[in-house]
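Work through the exercises below with the sequence and the coordinates side by side. Each task is followed by a solution that goes step by step.

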Amino acid sequence: MIKTIWPDGAKIAFIIRDDDIGFFTSPQMLEKVYGPLWQQGFKTTLAVIPKHKAIDDLNVPPSFRGRNTYHSLNLNRNLVHYLENRLREDYIAIAQHGFSHEKIDGVHEFGISDRGELARRLSEGIRILNNALNVEVKAFVPPWEKLSKSALGVIRKAGMWAFKPSYKHYPSKYLDDPNIQFERFKTKFLDSYRRGGCFILVHHYWDYFSDWEKKITRKALYHHLQEALAFVDTHPNVWKTTLTEVVEWLASNRNYDPAPDVSISIRG
Ligand SMILES: [Zn+2]
């Protein structure tokens, strides 16, 4: 059993993680989703795709979807400028979300086993993120949650940590009865709270703007997010933090056993 001691006697580390930030992301969309949450004291870990490929996927806006072109983060100057400011204000932290978020011969990007190719994608991604935002990226989250053994080895060798979600706030999960889903969230959160865990809520900003509309159209989904965060806020001693801060804390705290053989470093 892993024993965790968080800073200032906190009972749980709570992280909001947004996958799929990249060239296509507009600051306006991030502001609409996160502005209110930052005011509540929540931070956000933005998992950034360094060089997003315009594949046929909902995470690519309709005008680019399926073109299969590559788009480096630094070419969206508005976004880079916006992220720099939010970093300075300590509202966000940056994690790496794959390299191009594509499939290679049908295999999810970091599910492949070619170590040379994985190392190249990882280091080129780190270089793009460093150059654009001047940050040291410490956390890695794989596209589609698919991580091969070779990929995990390459990530560890680079001194980075990989993380799995504790809870996915995805629209598909709310199709039936939203109350059932909220009950699931509460159960998972409370279990993690009791164990002193690290709880990672994963979602995508673009999911609230179906399909890349200019305003939040999935209002119920956003409402359920706020409901979940309000529930978190009814508990004392919650460390509202980021994956970067968690890695820094764990790396300097010997009370924690990061269980290196678990395929991903930490479970909620
Ligand atoms: Zn993704």
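Helices and strands are here DSSP runs, helices of at least four residues and strands of at least two, numbered from the N terminus. The model is a predicted one.

**Exercise 1. Locate Asp-211 among the secondary-structure elements, and describe the peptide bond that leads into it from Ser-210.**

Solution. Begin with the placement: Asp-211 belongs to the loop that lies between strand S11 (198-203) and H6. Then turn to the backbone, where the peptide bond from Ser-210 to Asp-211 is cis, its omega being near -15°.

**Exercise 2. Describe how H5 packs against H6, and classify the orientation of H5 to H6.**

Solution. Two packed helices are described by the angle between their axes and the distance between the axes. For helix H5 (residues 178-195) and helix H6 (residues 219-233), the angle is about 30° and the axes are 11 Å apart. Angles under 35 degrees count as roughly parallel, and H5 is therefore roughly parallel to H6. The crossing in which H5 passes H6 is right-handed. On the side of H5 the contact is formed by Pro-178, Phe-182, Phe-185, Lys-186 and Phe-189, and on the side of H6 by Ala-220, His-224, Glu-227, Ala-228, Phe-231 and Val-232. Sorted by character, the residues of this contact of H5 with H6 comprise 8 nonpolar, 1 polar and 2 charged.

**Exercise 3. Carry out the analysis for H3 and H4.**

Solution. Helix H3 (residues 115-133) and helix H4 (residues 149-157) have axes 9 Å apart and pack at an angle of about 45°. H3 and H4 are therefore oblique to each other, and their crossing is right-handed. H3 contributes Arg-115, Leu-118, Ala-119 and Leu-122 to the contact, while H4 contributes Ser-150, Ala-151, Val-154 and Ile-155. The residues of the contact of H3 with H4 divide into 6 nonpolar, 1 polar and 1 charged.

**Exercise 4. How many residues has the largest nonpolar core, and which have the most contacts inside it?**

Solution. The largest nonpolar core has 57 residues, and those with the most contacts inside it are Ile-15, Ala-95, Ala-139 and Phe-199. Strand S1 (residues 12-21) supplies the largest share of this core, 6 residues. Leaving aside residues up to four places away in sequence, Ala-95 touches Thr-45, Ala-47, Val-137, Ala-139, Phe-140, Val-141 and Leu-243. Apart from the largest core lies another core, of 8 residues, which includes Leu-30, Val-33, Tyr-34 and Phe-209.

**Exercise 5. Is Phe-24 buried or exposed, and which residues does Phe-24 touch?**

Solution. Phe-24 sits in the loop between S1 and helix H1 (27-39). Burial requires 20 or more other C-beta atoms within 10 Å; Phe-24 counts as buried because it has 21 C-beta neighbours inside 10 Å. If residues up to four places away in sequence are not counted, Phe-24 touches His-52, Val-60, Pro-61, Phe-64 and His-71. Of these, Val-60 is 36 residues apart from Phe-24 along the chain, with the C-alpha atoms of Phe-24 and Val-60 separated by 6.9 Å.

**Exercise 6. Where do Asn-134 and Asn-237 lie, and what is the sign of phi in each?**

Solution. Asn-134 lies in the loop between H3 and strand S8 (139-140), and has a positive phi of about 55° although it is not a glycine. Asn-237 lies in the loop between H6 and strand S12 (238-241), and its phi is likewise positive, near 60°. A residue is exposed if 12 or fewer other C-beta atoms lie within 10 Å: Asn-134 counts as exposed with 9 C-beta neighbours inside 10 Å, and Asn-237 is exposed with 11 other C-beta atoms within 10 Å.

Conventions
Residues are numbered from 1 along each chain as its sequence is written. This is a predicted model: local features need pLDDT of at least 70, side-chain atom pairs count only at pLDDT 80 or more; totals for chains, interfaces and linings use all residues. Axes are lines fitted to C-alpha atoms, for helices over the stretch in contact, and angles run from 0 to 180 degrees between N-to-C directions. Angles under 35 degrees count as roughly parallel, over 145 as roughly antiparallel, 65 to 115 as roughly perpendicular and the rest as oblique. A crossing is left-handed if the near helix is turned anticlockwise from the far one by less than a right angle, and right-handed if clockwise. Two residues are in contact if their C-beta atoms, placed from the backbone, lie within 7 Å. Ala, Val, Leu, Ile, Met, Phe, Trp, Tyr, Cys and Pro count as nonpolar, Asp, Glu, Lys and Arg as charged, and the others, Gly among them, as polar. A nonpolar core is a set of buried Ala, Val, Leu, Ile, Met, Phe, Trp, Tyr and Cys residues joined through C-beta atoms within 7 Å.
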